[in-house]
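This report follows one protein chain from its sheet and its nonpolar cores to its aromatic rings. Please keep the sequence and the 3D view at hand while reading.

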Amino acid sequence: MISIIIPAHNERHNLSKLLPILNSEASNIVFEVLVMLSCQSADGSENLEVAPNVKFVKCQGKGRSVQMNTGASMAAGNVLVFLHADVIPPVSFLNDIEKTLNARFEAGFFSYRFDKENFWLDINASFTSKDGIFTGGGDQCLFIKKQTFENLGKFNESQALMEDFEFFKRMKGKKIPYKIINNDLIVSARKYESNSYLRVNLSNFLLVVLFKMGISSETLKSIHNKLLKMPYQHNT
């Protein structure tokens, strides 16, 4: 069984598109969806009409790591999938995951493309099909065996930002076998629309470099919030 865990903060619009797509996949794979709402989420996402295998949970603690760890602790599946609310999976999403894990990998990610046609965004997306400096970011949708996830100590709840990269660093340190599936997710370009292409890329590069230098996650979060505007995260 697969448990899809979606951390969300005021994502009603995106969830209203994503959840029906997840349940439209023609597959005999049993799965559940746990939508882990932030403690400050206030857009009524939990009132969406959904399939019986979808559950909304309001988290008490703050931070995406807390949301994802809480979801993992509640998950009935032996495979965990951490999917962002503004990401649309490919048609063969669940089958791709099952085939990869059956091939003796313990974890994996997906390549992706953006939901807007843009030459520069296409260049960014092209790097997600292979290992590189940005591998392990949350938009690539980590999937992992639940036992492996627990053995690695779950997400670090004190990591205020880049918890996905911190977890991936531990994965590589323990030599967990993983695969990048070249079957594109569709990722929202809204961060680029609210900022400039150059600003987002420079911010991403700076944050990754500072993370690798060991700068604290609180400092990274402060820098991120100063550099980028994300009006879509605020309830209107």
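In what follows, one residue is said to touch another, or to be in contact with it, when heavy atoms lie within 4.5 Å. The model shown here is a predicted one.

With that meaning in mind, Ile4 can be described by its neighbours: leaving aside residues up to four places away in sequence, Ile4 touches Leu22, Phe31, Glu32, Val33, Leu34, Val81, Leu83, Phe93 and Leu94. Ile4 also belongs to the largest nonpolar core, which has 39 residues, and within this core Ile4, Ile6, Val35 and Phe93 are the ones that touch the most other members. Apart from this core there is a second, separate one of 22 residues, with Leu80, Leu142, Leu152 and Met171 among its members. As a general background, nonpolar side chains in soluble globular proteins tend to be buried together.

Leu80, one of the residues of that second core, is found in strand 4, which covers residues 79-82. Because its relative accessibility is 0%, Leu80 counts as buried. Not counting residues up to four places away in sequence, Leu80 touches Ser3, Ile5, Ala72, Ala75, Leu142, Phe143, Ile144, Lys146 and Phe149. A polar example can be set beside it: Ser65, in helix 2 (residues 64-74), counts as buried because its relative accessibility is 3%. With the same sequence neighbours left out, Ser65 touches Phe155, Asn156, Glu157, Gln159 and Glu163.

The strands can be considered next. How are the 8 strands ordered in the open sheet? Their order is 3-2-1-4-7-6-8-5, and the pairing is mixed. The edges of the sheet are strand 3 (54-58) and strand 5 (87-88), each of which pairs on one side only. Strand 6 and strand 7 (residues 143-145) run antiparallel and are joined by 2 bridges; Gly108 has Phe143 in strand 7 as its bridge partner. Helix 3 packs on this sheet, touching strand 1 (2-8), strand 2 (31-37), strand 4, strand 6, strand 7 and strand 8 (178-187), and its direction makes about 170° with that of strand 8.

The aromatic rings add another set of contacts, for a search of the whole structure finds 15 aromatic pairs. To describe such a pair of rings, one gives the distance of the centres and the angle of the planes. Two of the pairs are set out below.

| Pair | Centre to centre | Angle between planes | Arrangement |
|---|---|---|---|
| Phe93 and Phe110 | 5.2 Å | 40° | tilted |
| Phe114 and Tyr192 | 5.3 Å | 80° | edge-to-face |

Phe93 lies in helix 3 (residues 93-102) and Phe110 in strand 6 (residues 107-114), so this pair ties together parts that are 17 residues apart in sequence. Both Phe93 and Phe110 are buried. In the other pair, Phe114 lies in strand 6 and Tyr192 in helix 7 (residues 190-194), so parts that are 78 residues apart in sequence are tied together. Phe114 counts as buried because its relative accessibility is 7%, and Tyr192 is buried, with a relative accessible area of 14%. Phe114 and Tyr192 also take part in one aromatic cluster, together with Tyr112, Phe119, Trp120 and Tyr197.

A ring can also have a charged partner: Lys169 lies over the face of Phe211, at 6.0 Å from the ring centre.

Definitions and conventions
Residues numbered from 1 in each chain as written. Predicted model: local features only at pLDDT ≥ 70, side-chain atom pairs only at ≥ 80, totals over all residues. Heavy atoms only, no water. Core = buried A, V, L, I, M, F, W, Y, C linked by side-chain atoms within 4.5 Å. Buried < 20%, exposed > 50% of the residue type's maximum accessible area, 1.4 Å probe, protein only. Helix = DSSP H or I, 4+ residues; strand = E, 2+ residues; numbered from the N terminus. Phe/Tyr/Trp six-rings, centres within 6.5 Å; stacked < 30°, edge-to-face > 60°. Lys NZ or Arg CZ within 6 Å of the ring centre and 35° of its normal. Pairing = 2+ DSSP bridges. Axes fitted to C-alpha atoms, helices over the stretch in contact; angles between N-to-C directions.
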